[in-house]
Structures are given as C-alpha cells and as structure tokens.
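Q: Please take a close look at one part of this protein with me. I would like to follow the charged pairs and see what they join.

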Amino acid sequence: MGFLKNRAFKLDKRIYLVFAVVVCIAVANALLSTSKIRNNKNTIFEITTFTNPTLESLEEFNMLVTRSRMFITNWVYLPNNETDKEQLVQFNKVNYPKLKGRLTGLSTGWRSSDNVDHMNKLFKDYEEVIREQEKIMKSLVEFDDYQDPMKKYLAEEQLESEIIPRTNKILGNLRTIIKLKKDEAKIMQDHMVQDNDHLLMIVFSLAVLIVLSVMAAGIYMMKKIIIPISEGFAKISNILHRNTDDIRSVSNELISDLVMYVEAQQGVVYLVNDENEKDIFIEPVSFFAPGRTELNINRIDFKEGVVGQVVFTNRRIHLQNVKETIPPIETGVAKIAVCDVFVMPLFAAGRVVGAVEVKSAQPLTVNMREFIERVAEPIASNILNLKANLLTRKLLEESQLKTRELAQQDDELRQINNELMVQSGRLKQSESALRKQQETMQKVNAELEAKALLLEEKNMTIEDAHKALAFKADQLERSSKYKSDFLANMSHELRTPLNSVLILAKLLSENRTGNMNPKQIEHAKVIHKSGSDLLVIINDILDLSKIEAGKLELIKEPTALTEIVGNMEQLFREVSVDKQISFKTEIDSSLKDLIHTDRVRIEQVLKNLLSNAFKFTPASGTVSFKVTKAAPGVAFRNEKLQNSKSVLCFSVTDTGIGVPEEKQKLIFEAFNQADTSITRKYGGTGLGLAISRQLTALLGGDIVLDSVENKGSTFSIYLPQYDDSTPVAIGEMVRPVKVQSIKDDTRQAVIFAADDSNVESWKSLLAIENIKVTAFSVPDDISSAKEVALVIVDQTLSDKEYISIVHMIKGMNATKNAAIISRSVSEYVPSEIASAVLLHTTAPVSQALISQILSKVYASDYALISESSEMNFCEPQEKTVIPIFKSLSAQNKNSISLEGKIVLIADDDMRNIYSLSTLFENEGATVVYAMDGLEALECLKENPGIDLILMDIMMPNMDGLQAMQEIRKINAFVHLPIIAVTAKAMRDDREICIRAGASEYITKPVNSELLMNHVSTLLKLNP
C-alpha cells in the first residue's frame, strides 16, 4: 500500500508540472499579445486623434485660402457681388479663427516640431494676406469708390502684386505639409501591419507549444492511469460474460477479484431479495475472507446499519480510520484492525439491486474508490440480467403450454405468408419503377445544380442592388435633412413679412383714428384673414416636414373621451349654425371614458376631418361625430392595432359631395385633392388628410375612408385604447395618491378665475353636486380659511405665473391637501408642477367636465384623493418672481395704456420694426430700435430707462440669444422684461430662449392680443 501511495503522489506531481508549463505559456502569450495590441492601439489613437483630423483641417485650410483669393478678386472686379463680399468677411472673421484654433490644438500631437513651426509661419503669412485684403475692402466700399480710377488701380495693383503671390506661396507650402503628413500616416500604418504579423506568428507558436504540452500530458496519463484501470475493467468484464446462470458464483468471483485488485482484505456482496413482495430485505450472497461475525448475518432490513442505509438512499458511505470500532480482519492466527470501510450501492436501470462492502487495513486511495464506483453499475446490470433470465425460464415453461394453441394458428399464418409473397412480387415491380424515377431525379438534380449556379449569380446581382439601395437611402436621408432645414428657413422667411402684414392689417381693421370707411375696414379684415390662412398652410407644411423627418414627438397620457368630444362640439357648433348644417356627437355608453393617447394630435386629426366635412357638406346637410368600439372582423394594417385588446373607432360622417372611388387613395397624398380643376369650388392645400394619415399611423392606428360620390363620406380612425408601452392602467390615477376620509365641510371648492361669467358657470354646475364654490382673486385671500377639497384655476397664465400660483396653493394649510384642477386655452403644463396638478383641460365648462373632475377628486365613499404628504414642491427658481394674479381679474384686455413706457425693438427687418412700432405707439409707448444684438446693447447703454425689449432671434453680427445672455450679465438689466420673437417655430425654441434669458416667448406672425397680454403682465411683474 505504501508503494501505491508514493506512485500516486509522483503521478500527481508530474501532471501539475505539465499544467504549470501550459499556464506559463498562456501567460507569456497574453503578455506578448497585450504589448503588441497596446502599441497598435496607440498608433490607431494617434492616427484617428491627430493625423486624420490634421489632414482634413489642412485640406480645409487649402480650400479656405483658394476661395478667399477668389472672393477678394471678385471684390475688386465685381462691385455688385454682395454675396462674395459677405463670404469673404465670414471667412476672415469666423472660419479662419476656428480653423487656426483647431490646427493649433492638433499640432500638440505632431511628432515633428519643424512642422509646427512651419504651420505657425503659414498662419502669419495668411494673416498678412488678410491685412492686405482689409486694405482693399476699406478702399472699395461704395459704388462711387469703384468709379474712382485711382482707388480701382491701387486695389488691382495690390491684388496682383501682394495678395496673389502670397496666396500661391501659402498654397505651395500647404501642399508640402499635407504630403509630409500623408507620408507620416503611411509609415505608422506600415508599422502597425508589421506588428500584427508578428503578433499572429507569436500567438501561433505559443498555441502549438500548448497543444504539444497537453498531448504529452495525455499520453503520460494514458500510460500511468487509464491502462491500469482498463486492466481491472477487463477482468470484471470477463467474469460478467463467463457466468450467466448462477448469481452466487458470479458474485463470488466478482468480490474476489474486486478485493484483490484494490488490495483490500475483506469483501461482501449484498443483494435485495424481492421474491416475496410483502417481505423485501437485504441478504449477503458472497464473501471474501469473512470472519465469524459476517458469516452469522443472514438478513438486513432497509435503513438497518450502514448497508441498509446505503441501499435505501442509493448513496455510498466511506468510513475512514475506524480502527477498533468494528470486528477486526482475522487471518487464522492474527487479528488486524480495520482502517477503511467502503460501501457502494449497486444501481442500474433506475433501481438499487444491492451493495458491495470492502474492508481494508490500509486507507483506500482515490483511484481505488473510483474503480469500485465505476464497476458498480456493470455489476448491477449483470445481476439484473441474471434475475431476468431466471424469470424468463419460468415464463418459457408457461409459454410451452400455449404452443399447441399457436400451432393451430400456423395454417392461417401460411396463407397470409402466401399473400405476402404475392405482394413481394408487386413490391419488386415498384422497386424497378422507383429506380427509373431515381434516374430521372438524378437528371433533375443536375439541372437544379445548373440553376443553383444561376441563382448564385442572381444573388450577387441582388447584393449589388442592395448596396446601391443603401447608397440611395443615405442620399435620401441627406436630402430629407436638407429639406427640413430648407423648410425651417423658409418658415422664417415667410413668417417675417407675414408678421408685418398681420399686425398692420389688425391695426387698420381696428380703425382707431376713425378715418377709414367701412369698405376699407373690410379690406383690412380680408388681408388679416388671408394672412392667417397663409399661417395655417405654413404650420401644416412644418408638421408634414417633422413627421417625414421623424422628429415629431408624441406625449401620450390618459385622456377622457368626453373631453375630446366636448372640444370638437365647442369648436364646430358655431360653424354648424352659420352653415345651417346639423351637427351630432355621440359616445358609446359601454366604453370606458379614458384612452391613452396624445390628445393634441388626435384632436388635430379630428379637426381636419370635421373641417373637411363641414366644407364639403351643403346647407341643410348633416355631419355626425361618433366614438364607438371597433366592429369585429375589421382588417387592420397597423401592427399595434392587430395586437391591441381594445380598439376604438372615431368616425366622422357627412352627407356632402363624397369622393369618387378612383380618387379615394389620392386624397391622402400631400398637395393632392379630389377637386383639382382650375376653378375649384372648395379651395384648400391638400395637406390636411396627408398629415392626418401620418399622425394616425404615429399614434398606432389606421384611417379608413368609405365614400360614395354625391352621397357623402365616412372617415373612420381606429386607435388602440390602451398603450402597451406604459405601465399605467387606463382608468387609474396616473400618479400615486393617498385616500383619507373627509367631513361634510370639505364639500366646498375654491376658484380663481379672470372672468366673472366663468365663476357663475362653475357655481351653478357644482351646486347640483352640493358643492359650495367661493371665488378669490389671489391665494393669499384664503390663508385663514378652513381646509377645502378642490381648487379650480380658470385662467390663461404664463409659465411663471402658473408655477407661482400652484406653489402658493400648496403652501397654505387650507389648500395644501386640495386637488388642483386648471383650465386655460393653452395645452401646456410646466414640468415643475405637472405632478401637483390633478387635471389640466381646455374643454368648456360643462356638466361632462364637472363629472370628469368629480370622478377624479371624489371616490364612491366620498374619500378625498390628494397628493402624498411626502411630496416636495420646489420653490421658484428666481427670488424676484412676484405673483400678479390680483390684477389679472381686473385687467382690461381690449385697451392697455403704455403711456410713458419705452420699448426697445431689436430686429434686422425694417418691416417688422415698422409694424411693431406702430402697434406700441398706438398704445402710447415710445419705441427705439436696433438692427442686431450689438446695436441693442448700445441702445440699452444710451437709454437706461427702457422698460421692455422685443428681441428677434435670427439677426446678423450678434443674434438674439447671444444678446439676451449679454444683457443678463449686466446687473442693472438682470430683471428687465425681454420677450423673445422667432419665426422658425421649430422644436425646443421656447426652452432655448428661456435658458438664454428671455422672460417670455412668442412666434411670428405675432398675435397682437397675446403680445399685449404678455407686455402688460411683464410690466406689472417688473415695474
């Protein structure tokens, strides 16, 4: 046993040595690979960070010098070319400093300091050229300067003798530097390729070493471990195959060879006796060198002793260093203490058939225990087979008794066999036919192979076509961007003159001087109406552009169906009366009142459809708007509708002219209409339905037209009622709330309204619900009142006013737990207070709105739903914000006196300055103006008493954003009211202007009433 232990120890030590060598090789491989990869990474970083940007900047410098020389030449010889003059100033004042700064920053990473010095010399040379250009620009300014022969001659002389030679020299030096940088980049790339080759060779060599080491270890293990174990398996296998009848003789030979192979001293084979199903036990069947104690054992029950537990649990047990705790091993004249006892279950075919017990005076090695474990299953399988054979013999005797009965059936089987012979002949004939078919199939396969080659060629052609399509898609994306930019710029160019048209037309239609006759006033109103129609077209074009560019954002939230229908009814009720058309609205009573969607966009679509319905329906006709559940069996195109569990149908039906079948698809295309004749009766741009279709698709729905010419049309919009992308369930509160019981005195409400008529409407409708309404001018008035359950803010406020009044309401004991309901003409709620406002609506005051509010505020048991007491409300960001709600209710919206006020208008368009000046001067204000941001700063310094600034955003030299930032840096003007005016009307304009320092924001064309409202508000906030 000592020899076996030493041999196992040496074997393990050699294996560990092989593994250590493999690990060292792998570590060396990793270190070398890491070093090479780091070198390549540094080279790539240098190329991408410095070399490639440097080459791009040098090429840009080359182009700048070339175009600058062309522009100064045009300056001298083309006096009326204002575009090139502006480009030259842009190059020298803006482009060159940026380019110089970029190249200076990149030069810090250049390897050669000579190139840096050479680059700095080029900068000095070009700056000399700029100074020479400035001399020419100062000498040739007005048209008369070009008529002066001396000035013209000197400018031409300076151009040809100074500027052109110097620029040629600069261009030559630039080409030299560009060539040097390209050569330098090529050298770095060559070094990187060489490092990659070296790395591949090193990795391959080390991999070969690892494979050879592992193969050597495998061969060694084969000779030292696997072969000896295989010999033991061979002996056991011979025993199992030689004895197939007697279980006891097989067990005797097995235990004898097994004990001797593992160099143990005693062994026993135990088998489960299951002959009597009612009495199953374990009995020893074979012994090796048994003692008297072992021979006296005839029966062991399950769980009895170690052997019973092993058979019951099917788990081996190894007892080590037992010494004198069990009977010793007897030799006849000596007794040897047992050191190790190993009991292994015999398990096969899903059942335990017995166990093997081995006793040894020396510790059993791991290899020996593993050998016993591995031979246990074959032994168990063989014992099961022997038991099965015994059972088979018994069954065979029984089967012989039945053989005679089977002989009678033999004749019948012979007849069946004859029939099978006949069928066999038929099968041979079928086999021959199949062979012929096989030959035919081989020919077909050959043809298919030829076709496969053709298909491969076609696939290559398709791949080329895919590449071409990808290229075209890239071009399409660029063209889409250019189109979006073009539309935004065109919006600015159209809105700027339109602003003047609308303001002046509005002022003329008011006829404040009383010197216009009714016909002239009517003309002014027509001009204002036409300008407003043009503004609608511009907005439609911008919406279409945003949708096509994928920049239109949706804000989905739970929205009441009654609110949507109420808004539509309010908008078109007067239209129906004017046109003498019957207008009906209906909501299916079985529907839940909420839908999760973007209310602004769905209402935009419905407005388009209802506008068309009223436009194309003659007097005494009918227009109906219904909200129902989608009919079963409707085939939806939109995947969201196909996967939605609840789909709503918004249908607009009219009895108008209808749409011919051949034009029903055409009307959904942009700028297309059903009536395209020169003398169109109904007018329009053809954008409404195109925008409606795309907005409906963005909302996850479909729009369907069902129309018969001269009988009417039905436009149906199918939308999912629930949005799977949001975890908020329809019909539940959007934010967490707490429920507390309320007393009778909490059935009262407080309202802040600018219009007394609105207060009376609220009072009359809430009185039906036994709710008492008290009206106040500002929240301060109710600081000492009792706690109330509901606060209604019915005013159109600026963002600062809105935020301030909500914070004041939440800061007082009487209203801190109240539900806040706000109503205004604006659809926007500032994000700072969005969580504090329970409901914001633009719907008219009606019983439907009251029901919606009460369903949110009061539960069935009259429980007040309020915001959590742990909610923190931020204080206003600006300490100087003063609430102005006291004056809003008393403010006269039709007449605002600006006597003694000074207004600064900063705009680069004289038309806007003229129209806005007229508007403010009519109200008694004094107007000063500036053409850009720099002039606006100068005007502020010259006129420190300015009360208000109208700041245009897009201006030359210094734009409005920069100007507002500079104004806010001056302490005296930190709180000066500034209204930002923009004509682009693109996304995020408002947030950008407010961050830059604007107090308010308004878009062109300017709405004069809204502008005067902002002016009055700001002047009272900042006296």
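A: Here is a walk through the salt bridges, with the setting before and some other features after. Keep in mind that this is a predicted model.

Start with the whole chain. It has 1023 residues, and 41% of them are buried. Its secondary structure comprises 25 helices and 26 strands. Look next at contacts between residues with a separation of 6 or more. Of these, 72% join residues 24 or more positions apart. The accessible surface is about 57,900 Å². Carbon and sulfur atoms account for 55% of that surface.

Now the charged pairs. How many salt bridges does a search of the whole structure find? The count is 19. Three of them make a good tour.

Take Glu 128 and Arg 166 to begin. Their side chains form a salt bridge, with an N to O distance of 3.7 Å. Glu 128 sits in helix H3, which covers residues 113-139. Arg 166 sits in helix H5, and that helix covers residues 149-242. The two partners are 38 residues apart, so this pair links distant parts of the chain. How covered are they? Glu 128 has 33% relative accessibility, so it counts as partly exposed. Arg 166 is also partly exposed, at 29%. This pair does not stand alone. Glu 128 and Arg 166 belong to a network of salt bridges that also includes Arg 131 and Glu 162.

Move on to Arg 316 and Glu 373. Here the salt bridge has an N to O distance of 2.8 Å. Arg 316 lies in a loop between H8 and strand E3 (317-323). Glu 373 lies in helix H9, residues 366-401. The partners are 57 residues apart in sequence, so the bridge ties together separate parts of the chain. Glu 373 counts as partly exposed because its relative accessibility is 26%.

The third pair is Glu 603 and Arg 599. Their closest N and O atoms are 3.2 Å apart. Both residues lie in helix H14, which covers residues 599-615. They are four residues apart, or about one turn of the helix. Both are buried.

Go back to H8, the helix before the loop that holds Arg 316. H8 covers residues 305-313, and its buried residues are Val 307, Gly 308, Val 310 and Val 311. Look down the axis of H8. These buried residues fall within an arc of 160 degrees, so they line one face of the helix. Right after H8 comes Asn 314. Its phi is positive, near 60 degrees.

Helix H5 deserves a second visit too. It holds Leu 212 as well. Leu 212 helps make a nonpolar surface patch of about 500 Å². The other members are Phe 204, Val 208, Val 211 and Met 215.

Last, the cysteines. A disulfide is a covalent bond between the sulfur atoms of two cysteines. How many disulfides does a search of the whole structure find? It finds zero. Two cysteines show contrasting settings. Cys 24 counts as exposed because its relative accessibility is 52%. The cut-off for exposed is over 50%. Cys 649 has 7% relative accessibility, so it counts as buried. The cut-off for buried is under 20%.

Note on methods. Residues numbered from 1 in each chain as written. Predicted model: local features only at pLDDT ≥ 70, side-chain atom pairs only at ≥ 80, totals over all residues. Heavy atoms only, no water. Patch = residues over 30% accessible without salt bridge, like charges linked within 9 Å, V, L, I, M, F, W, Y side chains within 5 Å. Areas by Shrake-Rupley, 256 points an atom, 1.4 Å probe, with all protein chains shown as cover. Salt bridge = Lys/Arg side-chain N within 4 Å of Asp/Glu carboxyl O. Helix = DSSP H or I, 4+ residues; strand = E, 2+ residues; numbered from the N terminus. Buried < 20%, exposed > 50% of the residue type's maximum accessible area, 1.4 Å probe, protein only. Contact = heavy atoms within 4.5 Å. Disulfide = S-S within 2.5 Å. Arc of directions from axis to C-beta.
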